[in-house]
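Reader: Hey, I'm new to this one and could use a hand finding my way around. Can you pull it up so we can talk it through?

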Amino acid sequence: DNTEKYIIRCLKSIFIQFNFNIEIILVDDNSSDDSIKLIKKFLKKQKKSHKIKIIKHKKNMGLGPSRNTGIKNSTGKYITFLDSDDLLLKKYSSTIFKLISHGKYDIIEYGFIKFKNNLNKNEFMHLYPFRGSQLTKKIGIDLYLNTVWYASIRIFKKKLWKKIKFPNLYYEDVATIHKVY
């Protein structure tokens, strides 16, 4: 997708808060805009030494295959997805680091802010009414009724993706995320 007007703001939201090194995989799904040029210019100015991979598809394959490319090329214990028009909120890294450093969670879900037409006006959207850590079997059907299946509002242990792939269709996350559970 051509998202040159969003990608730098997305990257800034990552770089501004991670004081520890992370792996960032950027998948260029054969975009026709200046996204990659902007990304490379932005990365040259950064002082933080994150492990960054830019992978370019030879032809446009779609969001599902792009996510699969990112999974395949990741080396971390945990993975998350961030679309080019998404932003990480303040305290994301410190909050998430506390949770994943223990290694006991397979999936961590969190809320998101949905932007209206103006990026400065937003509305907080709650995912589901659960707080704290929960076992999937305890929340059961409530999870399926009350959550949204966006890939970019969760962190997963990478091992959960060994046999699961995103399809190449619209709403690829809705067709896939429930399988991880």
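**Rings, strands and cores**

Author: Sure, let's start with a ring: Phe20 is partly exposed, at 31% relative accessibility. Keep in mind that this is a predicted model.

Reader: Ok, and which ring does Phe20 pair with, and at what angle between the planes?

Author: Phe20 forms an aromatic pair with Phe97. Their centres are 4.9 Å apart, with 40° between the planes, and the pair is tilted.

Reader: Why does that pair tie together parts that are apart in sequence?

Author: Phe20 lies in the loop between helix H1 (4-15) and strand S1 (23-28), while Phe97 is in helix H4 (residues 92-100), so the pair ties together parts 77 residues apart in sequence. Phe97 is partly exposed too, with a relative accessible area of 42%.

Reader: Which residues do ring pairs link into a cluster?

Author: The cluster is made of Phe18, Phe20, Tyr92 and Phe97.

Reader: And how many aromatic pairs does the count come to?

Author: The count comes to 10 aromatic pairs. One of them is Trp161 with Phe166: the ring centres are 5.1 Å apart and the planes are at 25°, under the 30 degrees cut-off, so this pair is stacked.

Reader: Are Trp161 and Phe166 buried or exposed?

Author: Both Trp161 and Phe166 are buried. Phe166 also has a charge over its ring: the charged end of Arg67 sits there, 5.7 Å from the ring centre.

Reader: Where's Arg67, then?

Author: Arg67 is one of the buried residues of H3. Helix H3 (residues 63-73) is mostly covered, with 8 of its 11 residues buried. Among the others buried in H3 are Gly64, Pro65, Asn68 and Ile71.

Reader: What covers the buried residues of H3?

Author: The cover includes S1, strand S2 (51-56) and S3.

Reader: What comes between H3 and S3?

Author: There's a loop there, and Ser74 is found in it. Ser74 has a relative accessible area of 7%, under the 20% cut-off, so Ser74 counts as buried. Apart from neighbours within four places in sequence, Ser74 is in contact with Glu23, Ile25, Ile79 and Lys158.

Reader: Switching to strands: which way do the side chains along S1 point?

Author: They alternate. Ile24, Leu26 and Asp28 point to one face and are buried, whereas Glu23, Ile25 and Val27 point to the other and are not. In a regular strand, side chains alternate between the two faces of the sheet.

Reader: How many bridges join S1 to S2, and do the strands run parallel or antiparallel?

Author: 6 bridges join S1 to S2, and the two run parallel. Opposite Leu26 in that pairing stands Ile54 of S2.

Reader: What about S3, which strands form a sheet with that one?

Author: S3 is in an open sheet of 3 strands, in the order S3-S7-S4, with antiparallel pairing. Strand S3 (78-80) and strand S4 (107-109) are the edge strands, each pairing on one side only. From one strand to the next, the twist averages 20°.

Reader: How many bridges join S4 to S7?

Author: 3 bridges join S4 to strand S7 (residues 154-157). One bridge partnership links Ile108 with Ile155 in S7.

Reader: Now the inside. Which residues have the most contacts inside the largest nonpolar core?

Author: That core has 23 residues, and those with the most contacts inside it are Leu11, Ile14, Ile39, Tyr92 and Ile155. H1, S1, helix H2 (35-44) and H4 each supply at least two of its residues. The largest share comes from H1, with 5 residues.

Reader: What does Ile14 touch?

Author: Leaving out residues up to four places away in sequence, Ile14 touches Ile22, Ile24, Leu82 and Leu88. There's also a second, separate core of 11 residues, including Phe81, Trp149, Phe156 and Ile177.

Reader: Last one: is Ile8 buried or exposed?

Author: Ile8 lies in helix H1. Ile8 is buried, with a relative accessible area of 19%. Setting aside neighbours within four places in sequence, Ile8 is in contact with Leu38, Ile39 and Phe42. Ile8 and Leu38 are 30 residues apart along the chain, and their C-alpha atoms are separated by 7.3 Å.

Technical notes. Residues are numbered from 1 along each chain as its sequence is written. This is a predicted model: local features need pLDDT of at least 70, side-chain atom pairs count only at pLDDT 80 or more; totals for chains, interfaces and linings use all residues. Side-chain values use heavy atoms; hydrogens and water are left out. Rings of Phe, Tyr and Trp (its six-membered ring) pair if their centres lie within 6.5 Å; planes under 30 degrees apart count as stacked, over 60 as edge-to-face and the rest as tilted. Helices (H or I, at least four residues) and strands (E, at least two) are DSSP runs, numbered from the N terminus. Buried means under 20% relative accessible area, exposed over 50%, partly exposed in between (1.4 Å probe, protein chains only). A charge sits over a ring if NZ of Lys or CZ of Arg is within 6 Å of the ring centre and within 35 degrees of the ring normal. Two strands pair if DSSP finds at least two bridges between them. Axes are lines fitted to C-alpha atoms, for helices over the stretch in contact, and angles run from 0 to 180 degrees between N-to-C directions. Contact means heavy atoms within 4.5 Å. A nonpolar core is a set of buried Ala, Val, Leu, Ile, Met, Phe, Trp, Tyr and Cys residues joined through side-chain atoms within 4.5 Å.
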